[in-house]
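Open the model in your viewer and keep the sequence panel in sight. The tour goes from one residue to its strand, then out to the sheet.

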Amino acid sequence: MALPYTHHYDLSFSALNLKKFDSSHLQPICCLRCNSSVSSSPFTEKQSLQRYQRDQWVYNNNNQQWPSLSCGDEAASCSVPADSDSIRLNDITLQLPELRKLLQVLKHKRESCGGQVPKNGLGDVFLVGTGPGDPDLLTLKAVKVIQKADLLLYDRLVSNAVLDLVGPDARLLYVGKTAGYHSRTQQEEIHELLLSFAEAGATVVRLKGGDPLVFGRGGEEMDFLQQQGIQVKVIPGITAASGISAELGIPLTHRGIANSVRFLTGHSRKGGTDPLFVAENAADPDSTLVVYMGLSTLPSLAQKLIHHGLPPDTPATAVERGTTPQQRMVFAELKDLADKIKTAELVSPTLIIIGKVVALSPFWPQSLTEASRLVEV
């Protein structure tokens with residue numbers, strides 16, 4: 001049964017009163033402009049047409065206006081220039097009335113269900129990993145939770161194909177982060193949303209690309225909610241390292257070639273251009289390195305790894321949008337990988353794998369010869 005929008009409430013929820021806004025001076029968020037270069041993206045890119053089609057409900061307040069969409073092709077993806085703080089706050093202001101209304105509707109729905117209301121009045125919160133993009137890589141448990149959710153908060157790296165599995169009665173809200181653009185991107189705001197809906201008795205699902213506890217900030221959200229007395233259930237997903245390496249036929253470990261694997265992040269907590277201070281300890285020829293979010297810092301990382309002893313001819317690969325139909329990849333020796341990425345114009349999300357095991361992939365240019373040599377060694 002669809003959520004009943006026949007009730008009218010005039011209530012405020014402190015957790016969602018993020019700031020006192022004066023909406024009289026705010027303009028509609030933007031007029032979206034088509035950009036054919038991202039039309040084939042499997043993910044929710046910036047302020048895409050797909051995102052506003054999913055989230056339209058949240059702009060339904062009679063006194064507000066959701067963004068106008070001016071695209072000739074409904075299947076096309078759209079983008080806008082990098083968002084400013086004023087646009088982000090405007091976006092939040094337009095969403096708050098419907099979010100408050102939905103909170104009360106969900107609370108009323110739970111109270112009307114008699115024995116189904118939890119004893120403590122709190123709803124269920126799930127952190128769900130959706131894998132690297134291919135919906136066939138979802139776990140059965142993830143699908144079941146996604147289909148029974150009242151509200152799903154999703155980010156940029158949850159693929160469109162995964163979102164197509166959401167139940168018809170659920171409400172979707174985009175909380176994605178993209179370099180140079182922010183919607184509801186402050187982590188504190190995401191925490192407050194999760195808390196508010198859980199306190200209203202809703203079943204809330206936080207969808208995260210890959211695995212929620214591998215460079216997904218799932219631990220921060222879980223810790224915040226648990227401190228507020230909200231129990232969080234985590235449903236793991238296939239992290240990009242596993243899913244993409246399998247897609248390319250790269251064993252992350254292999255007897256006699258790589259006896260360990262190490263996951264690195266290309267982003268520091270407060271930004272910056274060189275967060276990869278671990279290169280000295282990571283330059284192990286007998287280990288496989290997997291770098292998440294490392295496009296911008298790869299040139300620096302490669303130099304540091306080579307400086308600390310990793311051979312310049314170490315096989316490496318960069319994979320854009322791995323496991324999706326839009327997957328693109330480049331293979332090169334470590335010393336040449338950054339140039340190959342630049343030439344191919346790979347964009348985020350791109351995963352980087354460095355190590356001798358990369359040469360075992362059937363896509364490696366000299367795969368047969370190199371694989372035989374490695375196994376013999």
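**Stop 1: Thr317**

Select Thr317, which sits in strand 13. Helices (H or I, at least four residues) and strands (E, at least two) are DSSP runs, numbered from the N terminus. This is a predicted model, where local features need pLDDT of at least 70, side-chain atom pairs count only at pLDDT 80 or more, and totals for chains, interfaces and linings use all residues. Residues are numbered from 1 along each chain as its sequence is written, and side-chain values use heavy atoms, with hydrogens and water left out.

Is Thr317 buried or exposed? Thr317 has a relative accessible area of 0%, so it is buried. Buried means under 20% relative accessible area, exposed over 50%, partly exposed in between (1.4 Å probe, protein chains only).

Now show what touches Thr317. Contact means heavy atoms within 4.5 Å. Leaving out residues up to four places away in sequence, the residues that Thr317 touches include Leu248, Ile250, Phe331, Leu337, Ile353 and Val358. Look also for a polar atom of the Thr317 side chain: the backbone oxygen of Val330 lies 2.9 Å from it.

**Stop 2: strand 13**

Select residues 315-320, which make up strand 13. Of its 6 residues, 6 are buried. Pro315, Thr317 and Val319 point one way. Ala316, Ala318 and Glu320 point the other way.

**Stop 3: the partner strands**

Add residues 328-333, strand 14. It runs antiparallel to strand 13, and 6 bridges join the two. Two strands pair if DSSP finds at least two bridges between them. Find Ala316 opposite Ala332, then Val319 opposite Met329.

Next add residues 350-354, strand 15. Strand 15 is also antiparallel to strand 13, with 5 bridges between them. Here Val319 stands opposite Leu351.

**Stop 4: the sheet and a helix**

In what order do the 5 strands of the open sheet come? The order is 11-12-15-13-14, with mixed pairing. Strand 11 (260-265) and strand 14 are at the edges with a single partner strand each, so one side of each has no neighbour in the sheet. Neighbouring strands are turned by 15° against each other on average, direction ignored. Axes are lines fitted to C-alpha atoms, for helices over the stretch in contact, and angles run from 0 to 180 degrees between N-to-C directions.

Finish with residues 240-248, helix 7. Helix 7 lies across strands 11, 12, 13, 14 and 15, at about 70° to strand 15.

Terms used
Polar contact = N/O pair within 3.5 Å; in protein donor to acceptor, adjacent residues only side chain to side chain.
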